[in-house]
Amino acid sequence: MIRSMTAFASRSGSRDDASWQWEMRSVNARGLDLRLRLPDGIDGLEPGLRAALSSRLSRGAVTLALRLTRDDAARGWSIDEPQLDRVLQALDLVQERAMAQGITLAQPTAADVLSSRGVMVQASGAGPDDAGLSLALLDDIGPLIDAFLEMRAEEGAALHRVLLAQIDEMTALLAEAGAAAAQRDADTRAALEGALQRLMAQMPPLDENRLAQELALLAIRGDVTEEIDRLTAHLAAARGLLGLDEPVGRRLDFLAQEFAREANTLCAKAGAPALSRTGLALKAVIDRFREQIQNVE
């Protein structure tokens, strides 16, 4: 069954002092375009994610975003001693200047000193356990991709039904084109025979061989049998591709180009209103088909 390139999936998880939220979405693209939005400071995470995604996806502009939250309480606090010394020196200088000007200041408390900017610092998120966090995140990406591919498959099933219906519609139009071409040939032959009879009644007898050659050339120029046969073969190939369990979007796109080329030739050769209408209807369905397959992986 074909898969769509349009999908969305999300997933959340946690480990020790960290929790995270994944979001993964994609739209159509000619190839595989991976766009990762990750927090800084987790070494080795991006290459592992790219490898995991590339091994299971073949096409689409895929955006993967990770929002990571750490438990501040679990990480703890510490004193930046150099900053503490600078703050104490600054407080001492302020006290001396105030006394020199006859101003008495209250002594700062320990809480006042600790609340000074930069004295108390939170323990760094980077640490020995970040390797474990990276492994946990990489383990968690598999189920996210599973959910993402499941949605692609659901979208692909809907696309499959639409594309099959369009192939059926094109097949029916080809049958109409064949019938219209046969009727056109009969009408054209009758009209030519009548015109020739009138012409030969007014002119000397014509060379029958030359006349046969001219009629054959007219028939060849207007013959659409090859176009109908090629379109029939292309439609059978497209129907076969839709039954494959592998990415077929590019091959379907190529076939759609062939559909359009043959339909254009058929319209150019039409030479009759009924066949022209059928050819234009066929081109309209082909355009809709090409629009739909842009989303096929």
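This is a chat about salt bridges, a pocket and a surface patch in a predicted model.

User: Let's start with charges, then. How many salt bridges does the count come to?

Analyst: The count comes to 15 salt bridges, and one of them joins Glu46 to Arg50, with the closest N and O atoms 3.1 Å apart.

User: How far apart in sequence are Glu46 and Arg50, and which helix holds them?

Analyst: They are 4 residues apart in helix 1, which covers residues 45-56, and so about one helical turn separates Glu46 from Arg50.

User: Are those two buried, partly exposed or exposed?

Analyst: Glu46 counts as partly exposed because its relative accessibility is 35%, and Arg50 is also partly exposed, with a relative accessible area of 31%.

User: OK, what about Glu227, which residues does its side chain meet in salt bridges?

Analyst: The side chain of Glu227 meets that of Arg230 in a salt bridge, at 3.5 Å from N to O, and it also meets the side chain of Lys269 in a salt bridge, at 3.2 Å from N to O. The pair of Glu227 and Lys269 links distant parts of the chain, since Glu227 is in helix 7 and Lys269 is in helix 8, 42 residues apart.

User: And where does Arg230 sit relative to Glu227?

Analyst: Both residues belong to helix 7, residues 225-242, and because they are 3 residues apart there, about one helical turn separates them.

User: Which of Glu227, Arg230 and Lys269 are buried, and which are partly exposed?

Analyst: Glu227 counts as buried because its relative accessibility is 3%, which is under the 20% cut-off. Arg230, in contrast, is partly exposed with a relative accessible area of 34%, and Lys269 is partly exposed as well, with a relative accessible area of 26%.

User: Which residues are linked with them in a network of salt bridges?

Analyst: The network of salt bridges links Glu226, Glu227, Arg230, Glu262 and Lys269.

User: Switching topic: what is the volume of the second largest pocket, and which residues line it?

Analyst: The second largest pocket has a volume of about 170 Å³, and the residues that line it are Met5, Asn28, Ala29, Arg30, Arg59, Gly249, Arg250, Asp253, Gln257, Ile293 and Gln294.

User: Which helix gives the largest share of that lining?

Analyst: The largest share comes from helix 8, residues 249-269, which supplies 4 residues of the lining.

User: And how many of the lining residues are nonpolar, polar or charged?

Analyst: Sorted by class, the lining has 3 nonpolar, 4 polar and 4 charged residues.

User: Gly249 was in that list, so how far is Val296 from it?

Analyst: Val296 and Gly249 are 47 residues apart in sequence, while in space their C-alpha atoms are 4.8 Å apart. Val296 is found in the segment after helix 9, which spans 273-293.

User: Is Val296 buried or exposed?

Analyst: Val296 counts as buried, because its relative accessibility is 0%.

User: Last topic, the surface: which residues make the nonpolar patch?

Analyst: Ile79, Leu114 and Met120 make a nonpolar surface patch of about 220 Å². One of them, Leu114, lies in helix 4, residues 110-114.

User: Why can Leu114 be part of a patch?

Analyst: Patch residues need over 30% relative accessible area, and Leu114 passes that cut-off because its relative accessible area is 36%, which makes it partly exposed.

Key: Residues are numbered from 1 along each chain as its sequence is written. This is a predicted model: local features need pLDDT of at least 70, side-chain atom pairs count only at pLDDT 80 or more; totals for chains, interfaces and linings use all residues. Side-chain values use heavy atoms; hydrogens and water are left out. Patches are made of residues with over 30% relative accessible area and no salt bridge: like charges are joined within 9 Å, nonpolar side chains (Val, Leu, Ile, Met, Phe, Trp, Tyr) within 5 Å. Accessible areas come from the Shrake-Rupley method with a 1.4 Å probe; for residues, only the protein chains shown count as cover. A salt bridge is a side-chain nitrogen of Lys or Arg within 4 Å of a carboxyl oxygen of Asp or Glu. Helices (H or I, at least four residues) and strands (E, at least two) are DSSP runs, numbered from the N terminus. Buried means under 20% relative accessible area, exposed over 50%, partly exposed in between (1.4 Å probe, protein chains only). On a 1 Å grid over the protein atoms alone, a cavity is a set of points where a 1.4 Å probe fits but cannot get out, and a pocket is an open set with protein on both sides within 12 Å along at least five of seven lines; lining residues have an atom within 4 Å of a point. Grid points are joined across faces, edges and corners, and a volume is the space filled by probe spheres set on the points. Ala, Val, Leu, Ile, Met, Phe, Trp, Tyr, Cys and Pro count as nonpolar, Asp, Glu, Lys and Arg as charged, and the others, Gly among them, as polar.
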